[in-house]
Amino acid sequence: MSFAWQREFTRLGSWLILWLFLGLLFGHVMTWLFVGSSLYLGWHLLQIYRLSRWLRDPKQLELPDGTGVWEDVYRAFRLLDRRNRRGQQRLENMVSQYEASTAALPDAIVVLDENGHIAWFNEAGVTLLGFRSPQDIGQRVVNLIRHPTFASHLQSGDYGRDIEIPSPIDSDYRLSVRIIPYGEDQRLVIARDISQQKRLEQMRRDFVANASHELRTPLTVLRGYLDMMAEEATAKGPLQPWISPINDMVRQSTRMGNIIEDLLKLARIESNAGSAHHETVQVPALLNKLVDEAKAVTGDAHAIHLEAEEGLNIHGHLTEIQSIFSNLIQNAAQYTPAGGDIRVRWWSDGAGMYFTVSDSGIGIDKKHIPRLTERFYRVDPSRFSRTGGTGLGLAIVKHALEHHGGRLEITSEISIGSQFTCHFPLERLRRLA
Ligand code: ADP
């Protein structure tokens, strides 16, 4: 028992003895004791009243020092209060530091509650998204960011990828939006201004397209002269000593021409995004044509088998679909030694449509597979110059596939063969009876 409590009991004992003594002196002991106890109780009630008043408004009122056991109780409350205030101050400092740092962020950060209502946003939320503070707090975010891609992404619950939308305040600005779920059904929306990045990408694309376009004409002239010289560079012709360099120049200029054509094709695919004309592409007929062309080029070098589901067509951009199929078929022929097998399949199941080219060719080491669709990526640069490939075929396939909501899957084993599968979404399926 603490010293204060011991003192309190001593005080109570002395108080009762005093009133007992008065009772004995003047008679009516019980009455005197009752009065003494009531006074004691009244004093305690007064202390409880003071404490409860202070608890209601600890910032305005001062706690008295108190006496007896109350001195101890008041001191403990004062200590608790001081600790609380210090904790509160620390929290306030943290919150203001957090607010200052998020205000300095160039990205818009919006906190959504479990119903998709705005709970908080930073300064960039005003400049990038046009939110107003405090009027927009509590508003449904989809009422303020009205783009359908955002609404469906928010509703989907699948936040694995970022989306791109125009800014609600100026459609020339592009925003990359990421949604991060946290806590219990709360979400954080982070929007970044990627307009500058987009402009640079566009400039790069324009530059490559313009440069390729400008190179086309001089190269056509050079090739024209080279072809004429090649005709003269025969065993009996005047350019006979130049046979080998002229043939080499013809080969290299043809390669350069192919690279320029592929660069232009890639630039066209990239600039087509969203604006291209899509139609029903009759895939089985197209594949028959492409396989016949491949057979004509390779002669009897490979056995090429085609299995295409009749009536299974795709809604897409004809030239892009043709590029996808022909690049993969040509690659299979190019990277499969004579006597190999090439299988081309076009089919669908309940989940999607698939185009697969499997070959029994040289195969690709696993470490190269993730980089194959990069522009000019070569597994074996020396082979590259021998095969005359442009190094752009798979980049074209990847971009064209992305336009159709598809993706490329590559599996391969060295010396066994490779399999390239294009996955197309089911909504592009068009069946003709
Ligand atoms: P390229 O014009 O060189 O064929 P691609 O972009 O079409 O360019 O292909 C990139 C690289 O991927 C090729 O250089 C080649 O090394 C590899 N590759 C593509 N298809 C196959 C295949 N069917 N078998 C083996 N390697 C392949």
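# A tour from pocket to core

In the lining of the largest pocket there are 17 nonpolar, 17 polar and nine charged residues. Here Ala, Val, Leu, Ile, Met, Phe, Trp, Tyr, Cys and Pro count as nonpolar, Asp, Glu, Lys and Arg as charged, and the others, Gly among them, as polar. A pocket is an open set of points on a 1 Å grid over the protein atoms alone, with protein on both sides within 12 Å along at least five of seven lines; lining residues have an atom within 4 Å of a point.

Before you click on: this is a predicted model, where local features need pLDDT of at least 70 and side-chain atom pairs count only at 80 or more, while totals for chains, interfaces and linings use all residues. Residues are numbered from 1 along each chain as its sequence is written, and side-chain values use heavy atoms, without hydrogens or water.

**Stop 1: the pocket.** Select Q330, N331, Q334, Y335 and G389. Of the 43 residues that line the largest pocket, these lie nearest its centre. Now colour helix 8, helix 9, helix 10, helix 11 (381-387), helix 12 and strand 12, which each give two or more residues to this lining. Helices (H or I, at least four residues) and strands (E, at least two) are DSSP runs numbered from the N terminus. Which helix has the largest share of the pocket lining? That's helix 10, with nine residues.

**Stop 2: the core.** Stay with helix 10 (318-334). It also gives the largest share of the largest nonpolar core, seven residues. Such a core is a set of buried Ala, Val, Leu, Ile, Met, Phe, Trp, Tyr and Cys residues joined through side-chain atoms within 4.5 Å; buried means under 20% relative accessible area, exposed over 50%, partly exposed in between (1.4 Å probe, protein chains only). This core has 42 residues, and I324, F325, L328, I329, W346, F355 and F424 touch the most other members. Other elements that supply at least two of its residues include strand 9 (341-348), strand 10 (352-359) and strand 12 (417-425).

Click on F325. Setting aside residues up to four places away in sequence, F325 touches (heavy atoms within 4.5 Å) V283, L286, L287, L290, W346, F355 and F424. There's a second, separate core too: its 21 residues include V141, I145, F150 and I179.

**Stop 3: the cavity.** Show R204, R205, V208, L263, L266, A267, E270 and R375, the lining of the largest cavity. In a cavity, a 1.4 Å probe fits but cannot get out. By class, the cavity lining splits into four nonpolar, no polar and four charged residues. Helix 8 (243-272) gives the most to it, with four residues.

Next, pick H399 in helix 12. Is H399 buried or exposed? It's buried, with a relative accessible area of 17%. Beyond its neighbours within four places in sequence, H399 is in contact with L266, I269, E270 and R375.

**Stop 4: odd spots in the backbone.** Go to F376, in the loop between strand 10 and helix 11. F376 isn't a glycine, yet has a positive phi of about 60°. It is partly exposed, at 34% relative accessible area.

Jump to the loop between helix 1 and helix 2, where you'll find H28. Its phi is near 60°, again a positive value in a residue other than glycine, and H28 is exposed, with a relative accessible area of 64%. Also select G27, just after helix 1, which takes a positive phi of about 85°. Helix 1 itself has A4, E8, W19 and G23 as its buried residues, and these pack against helix 2 (29-56) and helix 3 (69-104).

Last click: P134, in the loop between helix 4 (123-129) and helix 5 (141-144). A cis peptide bond joins S133 and P134, with omega about 0°.
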